[in-house]
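Visitor: I am new to this structure and would like a close look at a single part of it. Could you take one helix and go through what surrounds it, step by step?

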Amino acid sequence: MPVISAPHAFNEGSLFVDLESIFGYRLYLKCEGFNFAGSIKLKAANEMVESAERDGTLKPDSVLVESSSGNLGVALSMIAASKGYRFLCVTDPRCNLSTKLLMEALGSQVHVVTDLDENGGFLGTRLEYLRALCASDDRYVWLSQYTNAGNWRAHYRTTAPEIAGHFPRLDVLFVGTGTAGTLMGCARWFREWHRPVRIVAVDSAGSVAFGGPPGRRMIPGLGMSMRPPLLDESYVDEVIRVEEADTIRTCHRLARRGFLFGGSTGTVVSAATEWLARQDARELTAVAIAPDLGERYLDTVYQTNWLQDLYGEQLLDSAGMPDPAWDEGPAPRAPGRRHRP
Ligand SMILES: Cc1ncc(COP(=O)(O)O)c(C=O)c1O
C-alpha cells in the first residue's frame, strides 16, 4: 500500500477491465480514473508542471492558466493547490457543473467563455482569451496542453509501457483523441520499441481533429474544433469517428453491468467493438483506454432529461434506460428477511 503526502503522488496504472463477457471480444479497458484528479489528465498535468518548474518558467509567484474542458483543469487545480500556485482555468459551457465545482473547491478560479468560434466550437474563443491574458501580465504561465510536448511524453513514459507490460502480444490499441497527447505518446512508444501494434485513433463525429466538417458535440473530453497541433498522423493506422448516440448507448450498456465510465470511454469502447466486429477478430487481443469514470457525467450522459432534450426519446429506448415500471412495482423482499405472520 503506498503512503503519500501529495495528491498527485498516487496513480493506479495497472487496472484493466476484461470486457469479453459484455461484448464478446478480447477487449481490455485500461482504467485511468483511479487517482485524486479522477482522470488520465493527471499524468499530463504532472509532466507539464514539473518540466515548467525545471526550466524555470514556473516561479513561486506565477499564476498558472490553461484551457480545459474539465479534466486537465481538475488535475492542475489539484497540483496547484498542493504546490501553492494560483490557477485560472478557461473553459466553456460544455464543462460539467460538477467539474467546475471541483476546480473551485480546490481553490482555482474558473472562467467560462460563451461565444462560439468559427468552427462552431469554443476552443478558438478560449485560446483568444488566454492569449489576451498572457499579454496583459507576465506572471501568467500558460502550459498549453495543445502544444506542450510534456503532454505526449507523459504517456510515452507511463501509459504505453503500462499497457505493454500487461499485454506483450497486443494486436490493437484504441485511443480517444482530444489534444492527441495520449494517442501520440502511446503510438510513439509502440513504434520506437518496434511493437507491431495497430494504432486506432478514436474521435467523436463533429470533431475536426482529423478533418471533415464540424458538427454539434455535447460530450466533453474527446474531439476538437481544430486540428490538434501534437497530432502526427503518420503514427496512426486508422481513425474511427463515433456518433454521440453510440457513445451514450455504450456508456449505458457498461453501466447496466455495474461499470460507470465517462463519455469518452463510451466513445472508445463503441469504436473498438465496432472495429472488432468488422474484423471478426475473436482471436485478437485489444486494449482501449478509459480516460475517466462516470460520476462527473451523472447530469449529462446518465441523465434522462438531458438525453431526451438533446437526442430524443428513441435514444432512451435504445440506450436501455431503466424501465419506469421498476419504480412503481412493489419493493422486492430483502433475501433472508423473516416476515411475521
Ligand atoms: C475524458 C477525457 N477523454 C479523453 C481525453 C483525451 O485525451 P488527450 O487530450 O490526451 O487526447 C481527455 C482529455 O482531456 C479527457 O478528459
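Guide: Helix α2, which covers residues 41–54, has 14 residues and reaches 20 Å from its first C-alpha to its last, close to the 20 Å expected at 1.5 Å a residue, where the expected span is 1.5 Å times one less than the number of residues. Helices here are DSSP runs of H or I with at least four residues, strands are runs of E with at least two, and both are numbered from the N terminus. This is a predicted model, in which local features need pLDDT of at least 70 and side-chain atom pairs count only at pLDDT 80 or more, while totals for chains, interfaces and linings use all residues. Residues are numbered from 1 along each chain as its sequence is written.

Within α2, the residues K41, L42, K43, A44, A45, N46, E47, M48 and V49 are buried; a residue counts as buried if 20 or more other C-beta atoms, placed from the backbone, lie within 10 Å of its own, as exposed if there are 12 or fewer, and as partly exposed in between. These buried residues pack against α3 (71–83), α6 (149–166) and α7 (181–192), with contact taken to mean that the C-beta atoms of two residues, placed from the backbone, lie within 7 Å. Just after α2 comes G56, which takes a positive phi of about 85°.

One of the partners of α2 is α7, and that helix deserves its own description. The end C-alpha atoms of α7 are 16 Å apart, which agrees with the 16 Å that its twelve residues should span at 1.5 Å a residue. Nine of those twelve residues are buried, so α7 is largely enclosed by the rest of the structure; the buried ones are G181, T182, L183, M184, G185, C186, A187, W189 and F190. What covers them includes α2 and α6, together with the strands β7, β8 (198–204) and β10 (286–290). After α7 comes H194, whose phi is positive, near 55°.

Strand β7 (residues 172–176) holds L173, and V175 also has its place in β7. L173 is buried, with 27 other C-beta atoms within 10 Å, and V175 is buried with 27 such atoms within 10 Å. Leaving aside neighbours within four places in sequence, L173 is in contact with I163, C186, V197, I199, V200 and V287, whereas V175, on that basis, is in contact with T182, L183, C186, A201, V202 and I289. V175 and P291 are 116 residues apart in sequence, yet their C-alpha atoms are 9.4 Å apart in space.

As for the wider setting, the protein has twelve helices and ten strands. Its radius of gyration, taken over C-alpha atoms, is 21 Å, close to the 20 Å that the globule rule (2.2 Å times the number of residues to the power 0.38) gives for 341 residues, so the protein is as compact as a globular protein of that length. Buried residues make up 45% of the 341 residues, and 69% of the contacts with a separation of 6 or more are accounted for by residues 24 or more positions apart.
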